[in-house]
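Please open the model in your viewer and keep the sequence panel at hand. The tour proceeds by selection, one stop after another.

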Amino acid sequence: SDYCSIFEGQWQGKIVAVKLFQGPKHRKFFQEEMLVMACLAGPSLSSPQLLSALGFVLDDALAACAIVMDYMPSGDLYRFLQRYPNLSWNDKYFMAFEVTLGLRYLHTLCILHRDLKGANIFLDQQCQPKIADFGLSVILHDGEYERHDELLVGSFPYMSPEVLIDIIYSPKSDIYALAMVFYELLLHNEPFQGLKKDVITQYVLSGKRPHLGERGDIPSAFN
């Protein structure tokens, strides 16, 4: 990530992941992510499909702050798909279903992820997908269905038309990104791979979507 680094560490005798934010200008990302992850803390609010925080660290002297999280030995979904090009359809069904459950749960808590993609979905030892990286997420207030932002945030290949046109984020824009994650699961590649941002924008606004090619082995449930 451009605003943080992730390290492996030890905490209470177990291996953990430490997400370090360094410098005053990056503290806002820490604060946003900490706020969302705090909403997901506790046995009554945690979800097996979401990566939860074990603790938070602030060091004013070093102008650094960190989030301590469970260590995900299988890495992120994007790299996992690169390592396992022959992943079974049953595994893909399972991952698609679990990520969908995680996103649905976020939305029930009025949380928009705003940067859902394979690189922000991590897998534990049993390959249970967990949505992570809430630094760009927002919590909607009572009666608020969407959020209009002044700055474009997220990853271009996963941005919906309304995000690209008016910078409007809603559950619908997260669901569009979810569809792009399904594309990753199908073809083991990012959507619009190799295309520049302006070309992606032109394609999406004209109604074009990533092409699945001529593969004949894709189950009808994914078509």
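The stops below cover a helix pair, a residue within one of those helices, the cysteines and two loop residues.

**Before selecting.** This is a predicted model, in which local features need pLDDT of at least 70 and side-chain atom pairs count only at pLDDT 80 or more, while totals for chains, interfaces and linings use all residues. Residues are numbered from 1 along each chain as its sequence is written, and side-chain values use heavy atoms, with hydrogens and water left out.

**Stop 1: the helix pair.** Select α3 (residues 89-108) and α5 (residues 171-187); helices are DSSP runs of H or I with at least four residues, strands are E runs of at least two, and both are numbered from the N terminus. The two axes come within 11 Å and cross at roughly 165°; they are lines fitted to C-alpha atoms over the stretch in contact, with angles from 0 to 180 degrees between N-to-C directions. α3 is therefore roughly antiparallel to α5, a term for angles over 145 degrees. Now display side chains: on α3, the residues that meet α5 include Trp 89, Met 95, Val 99 and Leu 103, and their counterparts on α5 include Ile 175, Leu 178 and Phe 182. By class, this contact has 11 nonpolar, 2 polar and 2 charged residues; nonpolar covers Ala, Val, Leu, Ile, Met, Phe, Trp, Tyr, Cys and Pro, charged covers Asp, Glu, Lys and Arg, and the others, Gly among them, are polar.

**Stop 2: Glu 184.** Remain on α5 and select Glu 184. Glu 184 is buried at a relative accessible area of 1% (buried is under 20%, exposed over 50%, partly exposed in between, with a 1.4 Å probe and protein chains only). Beyond its neighbours within four places in sequence, Glu 184 is in contact with residues including Tyr 78, Lys 117, Tyr 158 and Pro 191, where contact means heavy atoms within 4.5 Å.

**Stop 3: the cysteines.** How many disulfides does a search of the whole structure find? The count is 0, a disulfide being a pair of cysteine sulfur atoms within 2.5 Å. Select Cys 39, which is partly exposed at 29%. Then select Cys 65, which is buried at 1%; its sulfur is 10 Å from the closest cysteine sulfur, in Cys 4, and therefore too far for a bond.

**Stop 4: two loop residues.** Most residues other than glycine have a negative phi. Select Arg 114, in the loop between β5 (111-112) and β6 (121-123): its phi is positive, near 75°. Finish at Asp 133, between β7 (129-131) and β8 (138-139), with a positive phi near 60°.

Key:
Parallel < 35°, antiparallel > 145°, perpendicular 65-115°, else oblique.
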